[in-house]
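Please find below a short note for a colleague who is meeting this structure for the first time. The points may be read alongside the sequence and the model.

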Amino acid sequence: MIAKIKKQVKNGIAPLHLLSSKNLTEEKKGITKVRASLKYETSFLQIKPSHRFPL
Amino acid sequence: MILIISQKDDLSTTEVIRWLIAFNKNYIRLNEESTMVIDRLTANDFRFSIHSKSYKYTDIESVWYRRGELNFKLSLGIEDANIDLYNEKEHTHLKAYIHNLFKSKRLLNDFNIYEINKLEVLRYCHLNTINAPSFLVTQSKEEALSFFKTHQENIITKALKYPFLAREKKSLFASYTFKPSKENMTSLPQRFVPTFFQQYIEKRYEIRTFYLNERCYSMVIFSQNNPKTRIDFRHYDDNKPNRLSPYKLPSEYESKINKMMKSFGLNSASIDIVRSIENEYFLLEINPIGQFKMTSHPCNYDLEMKIAKYL
């Protein structure tokens, strides 16, 4: 996909900002574990009076 | 009865609904993935069904247009590209009328103006002394290079409306704000598709403001010191997340925002602002259907509860 985008920007049929495109699926694979652990570690800190109701 | 028009996966809608339940308020959540069946629409009557349950227009007291569209498609398992295209145009007309009807209710946002034009916003800023980065839309390499030179090779380019999203096999690709290099600019062909270029503002920090009924709830995002998030904070750094904190804009600036929102007919939206290293505020864009959970939770604003109270 990225190679295709680069070619079409060069041809003038894709706008220049598409060069910033990235594969979100690839990126997500690496961070799922970090997110899961952060969620667990911070869950105890997030119980504030304003959140007690109606959760 | 409160009618909420949303999408199945919108978590903010769910959080507002939790508060509606706590406040004992009746609601109907209509996701665009579900069908609204029009039973009867006349000059003085409107009745419809959702999941085989009937409702009268007169039962509805307030409407929250959160996001998504009304969907009149029947799942009959029959498809015809030409007829589907024709129906789509017909339905667009019908949707506009129904959303106009909702204007007589207590309304939080309006489907007919949710796609606010970025260029209109920047033009409004220009005419009303609200700082906004200068911009250029062009199809000419010569003009683009001249703009690049005028701004000391510090410009960005981004989507005029929505970021590019494309699926290929099992991968999802998305575009972001892009800061082109000299090489990117000189490699452009002489003519290209209309492209939006904008002056790059060296920022001290950026601000995300959620506007709700004449009040601004702002959050500062310290994205500048991280090379990953400097150009576009949505390149989230999960190992070292940007610091987020509640923020108060100057009252005079909030008044300008309030006036602008009224002129666009909006009573709820997310607004992107940056504060430059010279301490000036620059308004970047307005998104009426933007996510507000990212502002509500880190700043303890309880926007979900405030929305539920308004409805």
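**Notes on strands, a helix and cysteines**

1. In this predicted model, Ile2(B) stands opposite Tyr27(B) of strand β2(B). The path from β1(B) to β2(B) leads through α1(B), and this β-α-β crossover is right-handed. The two strands, β1 (residues 2-6) and β2 (residues 27-31) of chain B, run parallel and are joined by five bridges.

2. A second sheet to examine involves both chains. Three strands form an open, antiparallel sheet in the order β1(A)-β11(B)-β10(B). Its edge strands, each pairing on one side only, are β1 (22-23) of chain A and β10 (165-168) of chain B. Between β1(A) and β11 (residues 171-174) of chain B there are two bridges; Lys22(A) has Ala174(B) as its bridge partner in β11(B).

3. Helix α8 (residues 303-310) of chain B has the buried residues Leu303(B), Glu304(B), Met305(B), Ile307(B) and Ala308(B). Among the elements that cover them are α1 (11-22), β6 (62-65), β13 (203-212) and α7 (293-299) of chain B.

4. How many disulfides does a search of the whole structure find? The search gives zero over all chains. Cys125(B) is in no disulfide, and the nearest cysteine sulfur, that of Cys216(B), lies 13 Å away. Cys125(B) counts as buried because its relative accessibility is 1%.

5. Cys299(B) likewise merits a remark. Its sulfur is 13 Å from the closest cysteine sulfur, that of Cys216(B), and this is too far for a bond. Cys299(B) has a relative accessible area of 7% and is therefore buried.

Technical notes:
Residues are numbered from 1 along each chain as its sequence is written. Chains are lettered from A and ligands numbered from 1 in the order in which they are written. This is a predicted model: local features need pLDDT of at least 70, side-chain atom pairs count only at pLDDT 80 or more; totals for chains, interfaces and linings use all residues. Side-chain values use heavy atoms; hydrogens and water are left out. Two strands pair if DSSP finds at least two bridges between them. Helices (H or I, at least four residues) and strands (E, at least two) are DSSP runs, numbered from the N terminus. Buried means under 20% relative accessible area, exposed over 50%, partly exposed in between (1.4 Å probe, protein chains only). Contact means heavy atoms within 4.5 Å. A crossover is right-handed if, with the strands pointing away from the viewer, the path from the first strand over the helix to the second runs clockwise. A disulfide is a pair of cysteine sulfur atoms within 2.5 Å.
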